[in-house]
Amino acid sequence: MSKRSMLVTSALPYANGPIHLGHMLEHIQSDIFVRFERAIGNEVYYVCADDCHGTPVMIKAQSQGKTPEQLIEEVGISHRADMQGFLINYDNYYRTHSPENQKFSQEIYLKLRERGYIFTKTISQLYDPVKNMFLPDRFVKGTCPRCGAKDQYGDNCEVCSATYNPTDLKDAYSTVSGAKPVLKESEHYFFDLPKFADFLHGYVKTVLPPEMANKLEEWFAQGLKPWDLSRDAPYFGFPIPDAPNKFFYVWLDAPIGYMASFKNFCDKQGIDFDVFWKQDSDKELYHFIGKDILYFHSLFWPATLKGSDHRLPSKIFVHGYVTVNGAKMSKSKGTFIKAATYLKHLQPECLRYYFASKLTAQAVDLDLSLDDFVAKVNSDIVGKVVNLASRSAGFIVKRFDGMLGSTICDEDLACKFTEAAPLITAAYEERNYAEAVRLTMTLADEANRFVDSHAPWVLAKDEANNDLLQAVCTQAINCFKALITFLSPILPQVYAASQEFLNDKLDFNSAAQALLNHQINKFKPLFARIDPKDVAAMVEESKQDLKEAQSAKPQKEATPSSEYVPLAPEITIDDFIKLDLRVAQIIAAEQVPEARKLLRLQLDLGFEQRQVFAGIKSVYKPEELIGRKVIVAANLKPRQMKFGLSQGMVLAAGEGGQDIFLLSVDNKAPLGSKVH
Ligand SMILES: [Zn+2]
């Protein structure tokens, strides 16, 4: 068989937050494929990148008082560390905010434009008048027009599953500023996707599994729509050529990021990039993706490649979502587990093995049942595979100077291994890792029965059994060698340690071939059992993550009841209504360098703007306050301070120092509303 050559990608993680176990499914799935293809002798390049552009990254950076470049740099460092921690062996992990990607994105766009696939159209879109920006659907919330559920996103209702346009929402508000969005017109650039409908309809059947291609039939039946690929400034992305203040929508340049990451790698390694991406390339190109991004990868991406004279993906592999303990990952249950949190408590190969044991080529959801996880990993890897080596190695080392014998004693058993090898190879090739694991574990069971029936610990009692003892242990060690080689794409560290132990380079293509008259090394523990306490600690820490996220500042312990501040003397309603409390929004905040406790706040009360000095510096950073809605005592007599005039008082609970908590109001409350 001649050597194949391929480029493999995983979907690009978005650069606004940490990697969690949901992401890891895909990276583990693709890494196993890559390690397998390399193990059988194919040439594989494997790249990924962070997906950096778009409004969420821009907003997140703003809220942290950083530039988007700073944010993506920090996130990139943590993403790379997580990938490494899980032994994901990327040749290149790059970012979409790169010169290579900008060049490709603009070139592809210009080619599409030259071919007449780009047109412009003026559309009306919701606009945030406070932040001066157009609002993506996900940044508009309001009341569902169908069922009346409050606080639903601009594109669909999580309560009744209705889909709609953000303009259909009642009482809509911007999640960025809380302001009521207004409709504003703007010229947008569209990619004429319908022109590719016939091509795509045939193409998707050749690259997708049938059930995914069938899913797309609905979309073809409804008719493909032109794709809006421009976004107005302010936007973190690449500028569109000849279109001032217009940027490429993040989904244009994200998949081009595969090319850019590979280009970056090729330039460093002296590899011919064009051989892989030219129109008639005979190299294979595989994308691993989640089912949520099927539309982009199977329609927009191939159409932009086709329209710009590039090669097309050979196959698109689609997986489902991860659930934990049978439910959606939940922050409050501690099952929303970050990759870094997992790695603090558990070995990466435990999760690699568990995911592999459940992964098939179908895009079905995969449940990480934590009890089953512990039981399966301990029983399979430790109980069935590693124990096989540890039970036999001692005899070989002590009794035979580490030399494996010249024969084995059970040909039938050896045959079962030889016969299973091509089936295991085929299962990996089809990305049916569950089947590869099942076949391997069936062999492991056979091997353990073989050892149990020959009981080497009994044979060892009588020197007359020496030859048989050596043959039994030699075969057991060879069974172990085959098993760990079959599992090598899944368990790369155990595999590496086993090569050391067996003093041999374990080759996947000859996994079932026996090592005879061969010197092995002393057995060292290859894999530690999972202690259920570590899993519990991981879940507990994941719950803590949530609490920390909920209160970015250090929490003081609850005040004991004896320390409650005594109630003030009774007042009448007439006293109370003298107070005019209003809803206001902090639109600017800054330090007052000469004041120890004060921040200067600019408040928008709807009908007017005001400056207020608030003694909250010990707890709040100016940048985290911007956009926040607060309650202000609005009819308090203005007070001239040495830094300026303070026109009111922002209400907060607590006694000062670290004990200050700004009062909030439901974000939908209009500015200037009176508080009763
Ligand atoms: Zn609804």
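Two strands pair if DSSP finds at least two bridges between them. The exercises below apply this to a predicted model, and then turn to helix packing, domains and one loop.

**Exercise 1. State which strands pair with β6, and which residue of β7 stands opposite Gly142.**

Solution. Begin with the sheet as a whole, which is open and holds 3 strands in the order β7-β6-β8, with antiparallel pairing. Its edge strands are β7 (152-153) and β8 (170-174), each of which pairs on one side only. Next take the pair formed by β6 (residues 140-143) and β7, where the antiparallel pairing extends over 2 bridges. Within this pair, Gly142 has Gln152 of β7 opposite it.

**Exercise 2. Determine the strand order and the sense of pairing in the sheet that contains β15.**

Solution. The order in this open sheet of 3 strands is β16-β15-β17, and the pairing is mixed. At the edges are β16 (327-328) and β17 (366-368), which each pair on one side only. For the pair of β15 (residues 322-324) with β17, the sense is parallel and there are 3 bridges. Across this pair, Val324 faces Leu368 in β17.

**Exercise 3. Trace the strands that pair with β18, giving for each the number of bridges and one pair of opposing residues.**

Solution. Take the partners one at a time.

- Strand β19 (residues 599-604) runs antiparallel to β18 and is joined to it by 6 bridges; here Gln591 stands opposite Leu599.
- Strand β21 (residues 629-633) is likewise antiparallel to β18 (residues 581-591), with 5 bridges between them, and Gln585 stands opposite Lys629.
- Strand β27 (residues 674-675) pairs with β18 in the antiparallel sense over 2 bridges, and the bridge partner of Arg582 in β27 is Lys674.

**Exercise 4. Classify the packing of α5 against α9 from the angle between their axes, and describe the contact.**

Solution. The axes of α5 (residues 197-207) and α9 (residues 294-307) lie 10 Å apart and meet at an angle of about 115 degrees. Because angles of 65 to 115 degrees count as roughly perpendicular, α5 is roughly perpendicular to α9. The crossing of these two helices is right-handed. On the side of α5 the contact is made by Phe199, Leu200, Tyr203 and Val204, and on the side of α9 by Ser298, Leu299, Pro302, Ala303 and Lys306. Sorted by class, the contact of α5 with α9 comprises 7 nonpolar, 1 polar and 1 charged residues.

**Exercise 5. Carry out the corresponding analysis for α12 and α16.**

Solution. Helix α12 (residues 370-400) packs with α16 (residues 466-486) at an angle of about 140 degrees, and their axes are 8 Å apart. The two helices are therefore oblique to each other, and α12 passes α16 in a left-handed crossing. From α12 the contact draws on residues including Val385, Leu388, Phe395, Ile396 and Phe400, which meet residues of α16 including Leu469, Cys473, Ile477, Phe480 and Leu483. By class, the contact of α12 with α16 has 15 nonpolar, 2 polar and 2 charged residues.

**Exercise 6. Decide how α13 is oriented with respect to α14, and identify the residue classes in their contact.**

Solution. Between α13 (residues 411-429) and α14 (residues 433-454) the angle is about 165 degrees, with the axes 8 Å apart. Since angles over 145 degrees count as roughly antiparallel, α13 is roughly antiparallel to α14. The crossing in which α13 passes α14 is left-handed. Among the residues that meet are Leu413, Phe417, Leu423 and Ile424 in α13, and Tyr433, Leu439, Leu443 and Phe450 in α14. The contact of α13 with α14 divides into 13 nonpolar, 1 polar and 3 charged residues.

**Exercise 7. Give the domain division of the chain and the separation of the centres of domain 2 and domain 3.**

Solution. The assignment comprises domain 1 (5-110 + 248-320), domain 2 (116-197 + 209-232), domain 3 (385-510) and domain 4 (562-675). Taken over C-alpha atoms, the centres of domain 2 and domain 3 are separated by 57 Å.

**Exercise 8. Describe the backbone at Pro234 and Asp242, and locate both residues.**

Solution. Ala233 and Pro234 are joined by a cis peptide bond, with omega about 0 degrees, and Pro234 lies in the loop between β11 (230-232) and β12 (246-248). Asp242 is also placed in the loop between β11 and β12; although Asp242 is not a glycine, its phi is positive, at about 60 degrees.

Methods. Residues are numbered from 1 along each chain as its sequence is written. This is a predicted model: local features need pLDDT of at least 70, side-chain atom pairs count only at pLDDT 80 or more; totals for chains, interfaces and linings use all residues. Helices (H or I, at least four residues) and strands (E, at least two) are DSSP runs, numbered from the N terminus. Domain bounds come from an automatic or database domain assignment. Axes are lines fitted to C-alpha atoms, for helices over the stretch in contact, and angles run from 0 to 180 degrees between N-to-C directions. Angles under 35 degrees count as roughly parallel, over 145 as roughly antiparallel, 65 to 115 as roughly perpendicular and the rest as oblique. A crossing is left-handed if the near helix is turned anticlockwise from the far one by less than a right angle, and right-handed if clockwise. Two residues are in contact if their C-beta atoms, placed from the backbone, lie within 7 Å. Ala, Val, Leu, Ile, Met, Phe, Trp, Tyr, Cys and Pro count as nonpolar, Asp, Glu, Lys and Arg as charged, and the others, Gly among them, as polar.
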